[in-house]
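Okay, thanks everyone for coming. I'd like to walk through one model today, so let's get it up on the screen.

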Amino acid sequence: MSVADVAEGKDYSFPKEEEKILDLWDRLDAFKEQLRRTEGKPEYIFYDGPPFATGLPHYGHILAGTLKDIVTRYAAATGHHVTRRFGWDCHGLPVEYEIDKKLNVKSRDDVLKMGIGTYNEECRSIVMRYSKEWEKTVKRLGRWIDFENDYKTLDPSFMESVWWVFSQLYEKGLVYRGFKVMPFSTACSTPLSNFEAGLNYKDVSDPAVMVSFPVIDDPDGAALVAWTTTPWTLPSNVALCVHPELIYVKVRDNDKKKVFIVAEARLAALPGAVPKPKKGAKKDDKPEGGFEVLAKMPGKDLVGLRYTPLFDFFATLAAPAGSSKGAFRVVADTYVTDDSGTGVVHQAPAFGEDDYRVCLANGVCEKGDSLPCPVDLNGRFTEEVHLFKGLHVKDADKEIVAAIKEAGRLVDNSAITHSYPFCWRSDTPLIYRAVPSWFVKVEQIKDRLLHNNTLTYWVPSYVKEKRFHNWLENAHDWAVSRSRFWGTPIPIWVSEDGEELVCIRSKAELEELTGEKVTDLHRHFIDHLTIPSKRPGQPPLRRVDDVFDCWFESGSMPYGQLHYPFENKELFEANFPADFVAEGLDQTRGWFYTLMVLSTALFDKPAFKHLVCNGLVLAADGKKMSKRLKNYPDPTEVIDKYGADALRLYLINSPVVRAETLRFKEEGVFAVVKDVFLPWYNAYRFLVQNILRLELEAGTRFSPIPPSELRPTNVLDRWIGAASRSLTAYVTAEMGAYRLYTVVPYLVKFIDSLTNVYVRYNRKRLKGSKGEEDAKVALSCLYNVLMDVCKVMAPFTPFLTESMYQNLRGALPPGESPESVHWCDFPSARASEEGDERIQQSVDRMQRVIELGRTIRERRNKPLKNPLTKLVVVHSDTDFLDDIQGELREYVESELNVRSLEVCADPLKYASLRAQPDWQVLGKRLGKAMGAVANAIKDLTADQILSYEKTGSIELAGHVIEAGEIKVLRDFRVPEGVSAEDVDANGDGEVLVVLDLRVDESLVAAGLAREMVNRFQKLRKSAGLVLTDKVDVFYDPAPEPVSTAASLAGLVASHADYLRESLGVNVLPASSRPLSSIIIATERTTIGGSGSSTAAASGEDGPTTAAAVALPFTAILATPAATTAAAPLLAACAGSAELAEAVSVVLASRDLTKLQAEAAEGGGEVTVRVNGSSVDLTVGKELFFSASAAAAAAPSS
């Protein structure tokens, strides 16, 4: 068994290969097998937040799913048993809303007429509508999670655990029933949480009216003026609120003979209250009009005034004269502002949270009393407000304003555009409405919530410390009930008079108390069940009407998924809190919050130890992704085009993992394929090709040397080993801290170094340029590193790593490696070896030297194909200079195509030093002293700068300046005796590179040789040859000019070693090609000449050199063929030229492969029989199997 050849990168389809891997995983039953293999290992508990299956997965789900998959795969690879169960949120508004549309349900009454059972079964029928699409998408993304053993919030077992959770809160005294003004969806007939209300704000135009409220018994007949943007709440007005400290004014409109009271700061808002200059008035003319100010008073002086109600719908609630209780009075509260309106706020306690609070505090209404709430659950006015009965509140605004105007109470009528909340499901305007609800006393446990939050670890931490902490700090009691149908019923049975109340904790308890068998816990299965009263003669207890908010259910998932405490008690209690959860930033006020509240209330613990919070994925234009706008590519199409791995890595290697927003761009996914996957794949393919080449040449199977046995002497072998050890140590540390946003860039950088440094610089060694043993060591190093990279990257890119691993494991003995990379242990973090840090630093600096040199070449139009004389590397670190001048020299000289490399430890030889302050760093620290210190820094001498760099600090103007607070700049200085045109330099603040740009005849010739290599390599590629295809290389000089043949022959002779090393064979004239050699490809080409870059290298004004002469020739690739050495063959034929010629003809007719096999069997000898004579030929003496081999053995002339 060995590795198999693989396709070229351009022919490799990542998406199609991923589908093959999915088939492989199915055959291996890979996920379940991983679970079986890790049984008995420490449990790693992961909670998966349940999505609704009534919609299709989008990029937000894909992102969160990828995060979860990476962390749990890593946990499994590091010695844990990781149960991963998918969950479904099956209840609540999203489902009901779909059924309401399907059945044209317009109101709560429609459901009751239909029957709750019919309605709920319709809901049940669609909850898993898209479950198969979800499973298909999740599986295609490479996420391993159990769909067969999923949990559903509609399962009786889950619902029973929810009952248990609620019963525990009830027994702890954390549950009560009360009124709460909440965001309310009239389309869905249900209250929403504040979190849900914040999901869908829109800019809308609403009426903005000022209404007068005449003060009873005021001597001036004054009226308070209130402003509102919700006229529909005015029929329910019961009080007016002012700010106790604001100054209010009583003003008279002498034109209309009316007196108003408003805040002084808001007087200008009253139409006509402030005089305005006439058009064309002179500067000194006094403006006309305006109201007369009669009096000023603080708001507290207005408290207790009674006023005439706007409508008489609730006139019976009016406060008697002198009473501090009752309605239609002026009260005070500091929530009133003077930045809008009139400074007088009308109070409708059923429709405003502050209104309700203020009215309770001031005795306008009592806690527990029924409030003036003449609006039903569908948002329509009830009989109490008979003038507007049946009208939806938002539709009633115009009629209410008209009625106010007719009553002479309308002061102003305008419109305002403002941001207003809409229902996230029905997309209709929300109202605020007092609803009876069951509450959990969150405020009572707030201190414990804040404490438990400190016990958790969040990534990024600021979300925990700021956003989530602040949300907990300001948490209010949680309304957990909803007046709906499809949900887990509130398990409370209550008597008609409210005196008896039973909270059920389990199905068994309900069966015991009712005497009925219970099979399902949904409303239509239990609403009819009654519990006998303990009071003789009293009617039985009936269940309350409400169901749980679905957020209560999702917050109960740690218990519901295991049917705790009815089953799996030991399993749960031994592994709570969970090790890990992950969802989007929006869940800080959703699922993360409900998890924390319930776990704190139940166990005084957080529900999780570690949390990764991702940001939002937006469309490329920065807007929310919208199916209607079609402003984002379909996820399925992106996966089919680029592959799931590319999408996963694009999402993870982005700001979204740091809880920031990501503008999704398809070209970003393509960039992952182009810039990461293809270079990585090409490095892998290069390894495979050279393993096959080595096996072909050596005739034996390649067996990689294990890392423990490798003793590499090559500098890059040692470097890649050190870099690999650093990689595993870094990833282990960062994944342990859940910092995925630091891991992926490091992995990508490592792959870049592997492909662009190790493979690129080692190509010749890997091809065997330094012998079979050295090639095996280099290939083993690359093999081991790629295997480690597969295991490290497996959680991130599960498909590509599996594909590579499946082939690479073919080089290992059967049974030595697991059948899937995802069954392998994560590479253990190995201790650094002596010299690791130095070699990594030196290679990093070497890379910078090469980049700096390339920049000089580009700047000065000196293409890399043309050699230059000398490169000087300037640095103060002598260890680095020893490395760059020693083991790393050949790589720098090769990559920059320079003849020699020199080093210099004296930075002042080629540069002048100057210092500048880091204004941003020092300015914050020094403040006003910055000016004096900055001047002192600019005046530093070169010796002082060098001393600062060495010691890391310096005292200036009475302040100690530390390392990194001064920028040291090195300005290149041309050495004496050299023209500025002949030398150039480039630096990065640490390393300085000086490049000699002068060109001589020998450099031009070397450039021509490099061009020739390039021509033959391109011809090989265009001919479709692969690495293992052996060919001989020939050139046929053009007949004109006549000097071409001699020039080419001289060039080939003088650079024979370089050409042979680069091409693997000798370059020979076409006349040396054996007759039996078959031509594979030819191309007419030219090197040198005026259009050649070598010509440009000599300089426009320089002397005419060989580079100016074009050397045209035909490049020829031909199959190797048997050939002979003329003189040794003639000797073997006893001097018979006729026999020698006949032997040559016979050899040319023989099959080369069979001839080679015959020679191998004969110990390197072949016997040729011709014309009755037998001639013995020795391979390497008389007989050769290629023209190149014959040329190599020929004596040099």
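Let me start with a question: which residues of helix α30, residues 889–896, are buried? Keep in mind as you look that this is a predicted model. The buried ones are Y891, V892, E893, E895 and L896. So two glutamates, E893 and E895, are on that list alongside Y891, V892 and L896.

And what do those buried residues pack against? Quite a list, actually: the helices are α23 (715–736), α24 (740–761), α28 (836–859) and α29 (878–885). On the strand side you've got β27 (868–874) and β28 (898–904). Then, just past the end of α30, have a look at N897, which takes a positive phi of about 55°.

Okay, on to the strands. Go to β5, residues 201–214. It pairs with β13, residues 410–421, in the antiparallel sense, and there are 11 bridges between them. If you want a spot to zoom in on, take S205 in β5, whose bridge partner in β13 is T417. β5 also pairs with β6, residues 222–228, again antiparallel, through 6 bridges. Over there, S212 stands opposite V225 in β6.

Now the holes. How many cavities of 30 Å³ or more do we get? The count comes to 5, and I'll talk about two of them.

The largest cavity has a volume of about 120 Å³. Its lining is made of 16 residues, and the ones nearest the centre are G92, L93, R482, D549 and C550. Where does that lining come from? Well, α4 (93–103), β4 (190–191) and β22 (547–548) each put in at least two residues, with α4 giving the largest share, 3 residues. In terms of character, the lining splits into 9 nonpolar, 2 polar and 5 charged residues. R482 and D549 are among the residues nearest the centre, so do click on those when you get a minute.

The second largest cavity holds about 70 Å³ of space. Around it you'll find Q34, R73 and A77, then K791, A794 and P795, and finally V821, H822, C824, D825 and F826. That lining divides into 6 nonpolar, 2 polar and 3 charged residues.

So what should you look at afterwards? I'd go back to N897, just after α30, with its positive phi, and then to the lining of the largest cavity, with its 5 charged residues. That's me done, over to you.

Technical notes:
Residues are numbered from 1 along each chain as its sequence is written. This is a predicted model: local features need pLDDT of at least 70, side-chain atom pairs count only at pLDDT 80 or more; totals for chains, interfaces and linings use all residues. Side-chain values use heavy atoms; hydrogens and water are left out. Two strands pair if DSSP finds at least two bridges between them. Helices (H or I, at least four residues) and strands (E, at least two) are DSSP runs, numbered from the N terminus. Buried means under 20% relative accessible area, exposed over 50%, partly exposed in between (1.4 Å probe, protein chains only). Contact means heavy atoms within 4.5 Å. On a 1 Å grid over the protein atoms alone, a cavity is a set of points where a 1.4 Å probe fits but cannot get out, and a pocket is an open set with protein on both sides within 12 Å along at least five of seven lines; lining residues have an atom within 4 Å of a point. Grid points are joined across faces, edges and corners, and a volume is the space filled by probe spheres set on the points. Ala, Val, Leu, Ile, Met, Phe, Trp, Tyr, Cys and Pro count as nonpolar, Asp, Glu, Lys and Arg as charged, and the others, Gly among them, as polar.
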